[in-house]
Amino acid sequence: MSEHELRVSKIRDGTVIDHVEAGQALNVLAILGIDGAEGFGVSVGMNVPSDRLGRKDIVKVEDRELSQSEVDVLSLIAPEATINIVRDFEVVEKNRVTRPEGVTGVLSCPNRNCITNADEPIETRFDVVADGVRCDYCATILRSDIAEHIDV
Ligand SMILES: [Zn+2]
């Protein structure tokens, strides 16, 4: 077992989000709605050496598994991420995230004139495109600032 795998399996139960693009760990926590007040054990590794990415971030959250919509949004800021489910110190499941075709109801549109920002009961919908996500209603494209527009 490599040193890397040892490091990943250190928590007893929970989720390890590995191969997160360096610099995105805090955005991952924002997506999961974790600010430390919930009482989950959280550890964050930043700028850890990685064969695949050069540098990467790792987020470990104890006693918490992720919903599909959380994984979908996560994939937008960390397309190379792997999600490891840990039970009793063992990685029981390991999945690469896949980019969804679109996300509904999780991002807010930065365009103030967009109909989704009017007082209408309209759920936001963004299509995933090569360089970001595109609002279905006004075609505004969100790129690196996706995490600032998460509205979960
Ligand atoms: Zn819009």
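Biologist: Which strand does C135 lie in?
Modeller: Keep in mind that this is a predicted model. Look at residues 132-135, which make up a strand, and you'll find C135 there. That strand is β8.

Biologist: Is C135 buried or exposed?
Modeller: The cut-off for buried is under 20% relative accessible area. C135 has a relative accessible area of 3%, so it counts as buried.

Biologist: And where is C138 found, and what does its relative accessibility make it count as?
Modeller: C138 is found in the loop between β8 and β9. Values between 20% and 50% are called partly exposed. C138 comes in at 26%, so the label is partly exposed.

Biologist: Which residues does C138 contact, leaving aside neighbours within four places in sequence?
Modeller: Two cysteines are on the list for C138, along with an asparagine. C135 also has C109 and C114 among its contacts, with the same neighbours left out. For C138, the residues are C109, N111 and C114.

Biologist: Why can C109, C114, C135 and C138 be said to gather at one spot?
Modeller: UniProt lists these four for "binding site", in an unreviewed entry. They span 30 residues in sequence, yet they gather at one spot because no two of their C-alpha atoms are more than 8.9 Å apart.

Biologist: Over to the open sheet: which strands stand at its edges?
Modeller: The sheet has 5 strands, paired antiparallel, in the order β2-β3-β1-β4-β5. Each edge strand has a single partner, so one side of it is left without a neighbour in the sheet. Those strands are β2 and β5.

Biologist: What is the bridge partner of V86 in β5?
Modeller: Strands β4 and β5 run antiparallel and are joined by 6 bridges. V86 has its bridge partner in β5, and that's V91.

Terms used: Residues numbered from 1 in each chain as written. Predicted model: local features only at pLDDT ≥ 70, side-chain atom pairs only at ≥ 80, totals over all residues. Heavy atoms only, no water. Pairing = 2+ DSSP bridges. Helix = DSSP H or I, 4+ residues; strand = E, 2+ residues; numbered from the N terminus. UniProt positions renumbered as here; feature names shortened; annotations may be inferred. Buried < 20%, exposed > 50% of the residue type's maximum accessible area, 1.4 Å probe, protein only. Contact = heavy atoms within 4.5 Å.
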